[in-house]
Amino acid sequence: MPAAPRSLKLYQSKRDFAKTAEPSGKRRVAPAKLLRYVIQKHAATRLHYDFRLELDGVFKSWAVTRGPSLDPHDKRLAVEVEDHPLDYGDFEGTIPKGQYGGGTVQLWDRGYWAPEGSAEDMLRKGDLKFVVEGKRLHGSFVLVRIRNDKFGTGRKNWLLIKHHDQYAKEGDHDALLADDKSVASGRSMAQIAAGKGRKPTPFMLAKRAPFAADAVWHSNKGDSPTPRKAAPAKRVAKTKRVVKKRAAKTRTTKAKAR
Ligand code: MN
């Protein structure tokens, strides 16, 4: 089994894998021609939305405290957290109480993303512009790092902002968040917490090794790492076109707005 990427060390150090069966980052995920993203609604001590962008074999992750908004005026605080393993992107279920991040997790959105430039450079500068094509989010967004660690927490704070484009909705505020339904199983937070209903359909992992409907991350369940078949070339090409087209449209819209 390949060693986990170096950047997952912090993720692994925060968790006791004898007590939680959260993925340790060693399960193989399907290779994809497009970068994937997921958003997990997470009822931990405080409800938040974990926004994860695939990059260099891990998920760059932010905890968006109030969730994303389609209103470009609503700048949503996004606290940078440690990189997460890609197999994390299929989890929906319950992290046991007392463990790091204990609470219910719902797969709230997922799809593909594309940086509008060099992701590495934009991340370093603290100005990551990108487009997404998912079930709930579409079009152009930006993550802007803000200088404000006045409490000395060592945390890096960013703002998640919707760009003005055809998918922006002025005055939408939290309307997008009202639908309490998993994109992977159709279940509400309450159904997931109860371990009822359909199991989530996989996106990152092999189709034959999805998480169970009552997934609680206890250890030693030993999923076999069956690599998922690559998405059909046709669908990949189509998504790529859509993401590119949307990025181009967004740029045109922004240029006109100037
Ligand atoms: Mn979380």
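1. F203 counts as buried because 20 C-beta neighbours fall inside 10 Å, where a residue is called buried if 20 or more other C-beta atoms lie within 10 Å of its own, exposed if 12 or fewer, and partly exposed in between, with C-beta atoms placed from the backbone. The residue sits in the loop between helix 3 and helix 4 (233–257); helices (H or I, at least four residues) and strands (E, at least two) are taken as DSSP runs, numbered from the N terminus. Outside its neighbours within four places in sequence, F203 is in contact with R36, G89, D90, R110 and A184, a contact being two residues whose C-beta atoms, placed from the backbone, lie within 7 Å. F203 and V38 are 165 residues apart in sequence, and their C-alpha atoms are 9.4 Å apart in space.

2. On the basis of the model: this is a predicted model, in which local features need pLDDT of at least 70 and side-chain atom pairs count only at pLDDT 80 or more, whereas totals for chains, interfaces and linings use all residues. Residues are numbered from 1 along each chain as its sequence is written. The average pLDDT of the protein is 83, and 74% of the residues score at least 70, pLDDT being the predictor's confidence in each residue, from 0 to 100. Over residues 218–232 pLDDT stays under 50, and the model has 25 contacts beyond four places in sequence for this stretch. Where pLDDT is low, the predicted coordinates should not be read in detail.

3. On the overall arrangement: the protein contains four helices and nine strands, which follow the pattern α-β-β-β-β-β-β-α-β-β-β-α-α when read along the sequence. Of its 258 residues, 36% count as buried. Among contacts between residues at least 6 apart in sequence, 61% join residues at least 24 apart.

4. On strands 1 to 3: strand 1 (residues 35–43) and strand 2 run antiparallel and are joined by seven bridges, pairing being assigned if DSSP finds at least two bridges between two strands. These two strands form a hairpin with three residues between them, and I39 stands opposite F51 in strand 2. Strand 2 also pairs with strand 3 in the antiparallel sense, over seven bridges, with L53 opposite K60 in strand 3. Seven of the nine residues of strand 2 are buried, so this strand is largely enclosed by the rest of the structure.

5. On positive phi values: which residue takes a positive phi in the hairpin of strand 2 and strand 3? It is D56, with phi near 55°, in a hairpin that has two residues between the strands. D56 lies in the loop between strand 2 (47–55) and strand 3 (58–64) and counts as exposed because it has 11 C-beta neighbours inside 10 Å. H173, also not a glycine, has a positive phi of about 45°; its place is the loop between strand 9 (157–162) and helix 3 (189–193), and with 14 other C-beta atoms within 10 Å it is partly exposed. These two angles merit a note because most residues other than glycine have a negative phi.

6. On the nonpolar core: the largest one has 38 residues, and those with the most contacts inside it are F51, W62, A78, W113, V132 and L160; such a core is a set of buried Ala, Val, Leu, Ile, Met, Phe, Trp, Tyr and Cys residues joined through C-beta atoms within 7 Å. The elements that give two or more residues to this core are strand 1, strand 2, strand 3, strand 4 (76–85), strand 6, strand 7 (127–134), strand 8 (138–146) and strand 9, and the largest share, five residues, comes from strand 6. W113 touches L35, Y37, L53, F130, V131 and V132, when residues up to four places away in sequence are not counted.

7. On strands 7 to 9: strand 7 and strand 8 run antiparallel, joined by seven bridges, and a hairpin connects them through three residues. The bridge partner of K129 in strand 8 is V142. Strand 8 and strand 9 likewise run antiparallel, with six bridges between them, and R145 has W158 as its bridge partner in strand 9.

8. On P96: this residue is found in the loop between strand 5 (93–95) and strand 6 (103–115), and it is partly exposed, with 16 other C-beta atoms within 10 Å. P96 and T20 are 76 residues apart in sequence, whereas their C-alpha atoms are 6.9 Å apart in space.
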